[in-house]
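The following note sets out points for discussion on the model shown below. Each point is kept to one region or feature.

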Amino acid sequence: MSEEKLLEIKDLSVAFRKNQVTTPVFSGLSFDIYQGETVCLVGESGSGKSVTAKAIMRLLPTDSVSYPEGEIRFNGQDLLSHSEREMEQIRGDQIAMVFQDALSALNPVYTIGTQMVDLIRLHAKEKLSRRQALAQAKKLLAQVDIRHADEVVKQYPFQLSGGMRQRVMIAMALSSRPRLLIADEPTTALDVTVQSNILKLIRQLKEQFGMTILFITHDLGVVYEMADRVLVLRQGELVESGTRDEIFTRPRHTYTKQLLNSMPRIYFQEQTELP
Ligand SMILES: Nc1ncnc2c1ncn2[C@@H]1O[C@H](COP(=O)(O)OP(=O)(O)OP(=O)(O)O)[C@@H](O)[C@H]1O
């Protein structure tokens, strides 16, 4: 991990507006993510994790959200002052996102191959033919351990299992070699074995490509497997942050302790690395 800050969030405030009533999600949220680390943002449902991710990507609905206030600096650039066009480039090339629900993120009427080829050509630095892009798509699928890429590119999203779809989403996210990957509950909908394989894959790809990861989850088991550092969010407030081992062995805040107490103890007894 380096000393260089890749993402700096300073005093970020987001509020939703409905029928002239403004409800804040958080106000004055601040945290940094350093180059090369995996930071897990953890908290119960409704605490503001997804809103944080969407604010970074500037994907919050503009009709119902008060314009986010504060600063979001990515690689030194202030994202909140970027035009939509500049953001499109950042989203495509430098920050990628993987969601929980791959089925709704993929287009149901196009094959995996067509969707990957279009995306790869869109973000390619030089002009690529469809054939060249298809070759790259198959390479990316191999990198996420999909062995029969020749068949998968011809399939539609609904024909793949949940785990396979999530691998495809990860392959698509990697296609532009992003510096930051935001993974929002990417394994929540998967069964335990598939979840564990996908988490392992994300860890391997991070090492291979030197990515920085913001990993959003409500599941402390996943945090334990993934995090270098942990941010604990409660009702829009960052109540505690620390290294993974600090959070798991010396939690300070009552809310963090409650979260840990709600985990099945057997989980941690099975982990051999726990100090
Ligand atoms: N489009 C929206 N309009 C109005 N309020 C919203 C909208 N999106 C989110 N919120 C509110 O913002 C708060 C934070 O939601 P968020 O989705 O970030 O929670 P979360 O921590 O990601 O929870 P979950 O794990 O359930 O997704 C919630 O109170 C939610 O109701």
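In which strand is aspartate 11 found? The first point takes this up; the model is a predicted one throughout.

1. Aspartate 11 is found in strand E1, which covers residues 5–18. Its phi is near 50°, a positive value in a residue other than glycine. Aspartate 11 counts as exposed because it has 11 C-beta neighbours inside 10 Å, where the limit for an exposed residue is 12 or fewer.

2. A further residue with positive phi is asparagine 19, in the loop between E1 and strand E2 (21–34). Here phi is near 45°, and again the residue is other than glycine. Asparagine 19 is exposed, since 4 other C-beta atoms lie within 10 Å. I would ask that the backbone at both positions be described explicitly.

3. The ligand is surrounded by 13 residues, and the closest are Phe16, Ser45, Lys49, Ser50 and Val51. By class, the shell around the ligand consists of 8 polar residues, 4 nonpolar residues and 1 charged residue. Helix H1 (residues 49–57) supplies the largest share of this shell, namely 3 residues.

4. Arginine 85 belongs to helix H2, which runs over residues 84–93. With 7 C-beta neighbours inside 10 Å, arginine 85 counts as exposed. Between arginine 85 and valine 65 there are 20 Å in space, C-alpha to C-alpha, for a separation of 20 residues in sequence.

5. The largest nonpolar core comprises 74 residues, of which Cys40, Leu181, Ile182, Leu214 and Val223 touch the most other members. Helix H7 (residues 162–174) gives the most to this core, contributing 6 residues. As for valine 223, leaving aside residues up to four places away in sequence, its contacts are Cys40, Val42, Thr217 and Val230.

6. Helix H8 covers residues 192–209, 18 residues in total. At 1.5 Å a residue H8 should span 26 Å, and its end C-alpha atoms are 26 Å apart, so the expected and modelled lengths agree. After H8 comes glycine 210, with a positive phi near 60°.

7. Which residues of H8 are buried? They are Gln195, Ile198, Leu199, Ile202 and Leu205. Viewed down the axis of H8, the buried residues fall within an arc of 125°, and therefore they line one face of the helix. The face turned away from this buried side carries the exposed residues Thr193, Lys200, Glu207 and Gln208. The cover over the buried residues of H8 includes H7, strand E7 (180–184) and helix H9 (220–226).

8. Leucine 199, placed in helix H8, merits a separate remark. Why does leucine 199 count as buried? It has 20 C-beta neighbours inside 10 Å, and a residue is buried if 20 or more other C-beta atoms lie within that distance. When residues up to four places away in sequence are not counted, leucine 199 touches Thr187, Val222, Glu225 and Met226. By contrast, glycine 28 is 171 residues from leucine 199 in sequence and 31 Å from it in space, C-alpha to C-alpha.

Methods
Residues are numbered from 1 along each chain as its sequence is written. This is a predicted model: local features need pLDDT of at least 70, side-chain atom pairs count only at pLDDT 80 or more; totals for chains, interfaces and linings use all residues. A residue is near a molecule or strand if its C-beta atom, placed from the backbone, lies within 6 Å of it. Helices (H or I, at least four residues) and strands (E, at least two) are DSSP runs, numbered from the N terminus. Ala, Val, Leu, Ile, Met, Phe, Trp, Tyr, Cys and Pro count as nonpolar, Asp, Glu, Lys and Arg as charged, and the others, Gly among them, as polar. A nonpolar core is a set of buried Ala, Val, Leu, Ile, Met, Phe, Trp, Tyr and Cys residues joined through C-beta atoms within 7 Å. Two residues are in contact if their C-beta atoms, placed from the backbone, lie within 7 Å. The expected span of a helix is 1.5 Å times one less than its number of residues. The arc is that of the directions from the helix axis to the C-beta atoms.
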